[in-house]
Amino acid sequence: IVDDDPGAVQTLGSTLEDLGSIHFATDGASALDVARRLEPDLVLLDAMMPGVDGFSICAALKADPRLEKVPVVFVTRYDHPADETRAVELGAADFVSKPYLAPVLRARVRNLLDLKLRVDAELRATGERWRRMADTRVAEMVRTAGDAILVCDERHTILLANAAAAAMFGRPEETLVASALSD
């Protein structure tokens, strides 16, 4: 929660306290520090604050590769369409004008958190698929290389050996894999 009004922070915090761990900042610089340190699942952001305003914070969050996927929800007393347009164009997921209805805000936040969990899970699954594909390609390159290649883990257990390594050690490939490098 980012708001320069401690009362607004307290009200938002008590409205959403059971949806997760809540952290807050009362100025833009602190908000960016907290976000970079914690990599939150969602940011609730006031539009107008002294110093760095919410629009600048949103732009900075969206420019940071580690934070660009974090949903930002503006919760502000401003309700002008130009402010809402600006927020959405900067990448905000939602724009809620104060006073807000607590059940509606809770539902919006819960929906965005659920969506973030699903997106994060899909990104992890995609990353794992790419890792497995890369592992398969590396294994094929090792297998067909003319030079002797052994791939070991941190305990010096052989994970992968090619025919050239087997010939060099005078052992079949299958007996090299899973053996200790010192064998």
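Begin by selecting Asp41, Lys116 and Asp120, which are linked in a network of salt bridges. What you have open is a predicted model, and the values along this tour are computed from it.

Stay with this network for a moment and look at one of its pairs, in which Lys116 forms a salt bridge with Asp41, the closest N and O atoms being 3.7 Å apart. Follow the chain between the two and you will see that they belong to distant parts of it, since Lys116 sits in helix α5 while Asp41 sits in the loop between α2 and β1, 75 residues apart. Side chains of opposite charge can pair when their charged atoms come close. Is Lys116 buried or exposed? Lys116 counts as buried because its relative accessibility is 10%, which is under the 20% cut-off, whereas its partner Asp41 is partly exposed at 40%.

Next, select Arg36 and Asp64, whose side chains meet in a salt bridge with an N to O distance of 3.6 Å. This pair also links distant parts of the chain, with Arg36 in helix α2 and Asp64 in the loop between α3 and β2, 28 residues apart. Arg36 is partly exposed, at 36% relative accessibility, while Asp64 is buried, with a relative accessible area of 13%.

Now move to Glu39 and Arg66, where another salt bridge joins the side chains at 2.7 Å, N to O. Glu39 lies in the loop between α2 and β1 and Arg66 in the loop between α3 and β2, so this pair ties together parts that are 27 residues apart in sequence. Both residues can be found partly exposed, Glu39 at 39% and Arg66 at 45%. The structure as a whole holds eight salt bridges.

For the next stop, select Ser21, Ile22, Pro40, Asp41 and Leu42, which lie nearest the centre of the largest pocket among the 27 residues that line it. The volume of this pocket is about 540 Å³. Which element gives the most residues to the lining? Colour helix α2 to find out, for α2 gives the most, with five residues.

Then turn to Leu115, Val119 and Leu123, which make a nonpolar surface patch of about 230 Å². Leu115 belongs to helix α5, residues 102-144, and is partly exposed, with a relative accessible area of 41%.

Finish with the cysteines Cys58 and Cys152, of which Cys58 is buried at 0% relative accessible area and Cys152 is partly exposed at 29%. A search of the whole structure finds zero disulfides.

Conventions: Residues numbered from 1 in each chain as written. Predicted model: local features only at pLDDT ≥ 70, side-chain atom pairs only at ≥ 80, totals over all residues. Heavy atoms only, no water. Patch = residues over 30% accessible without salt bridge, like charges linked within 9 Å, V, L, I, M, F, W, Y side chains within 5 Å. Areas by Shrake-Rupley, 256 points an atom, 1.4 Å probe, with all protein chains shown as cover. Salt bridge = Lys/Arg side-chain N within 4 Å of Asp/Glu carboxyl O. Helix = DSSP H or I, 4+ residues; strand = E, 2+ residues; numbered from the N terminus. Buried < 20%, exposed > 50% of the residue type's maximum accessible area, 1.4 Å probe, protein only. Disulfide = S-S within 2.5 Å. 1 Å grid on protein atoms, 1.4 Å probe; cavity = no way out; pocket = protein on both sides within 12 Å on 5 of 7 lines; lining within 4 Å. Points joined across faces, edges and corners; volume = space filled by probe spheres on them.
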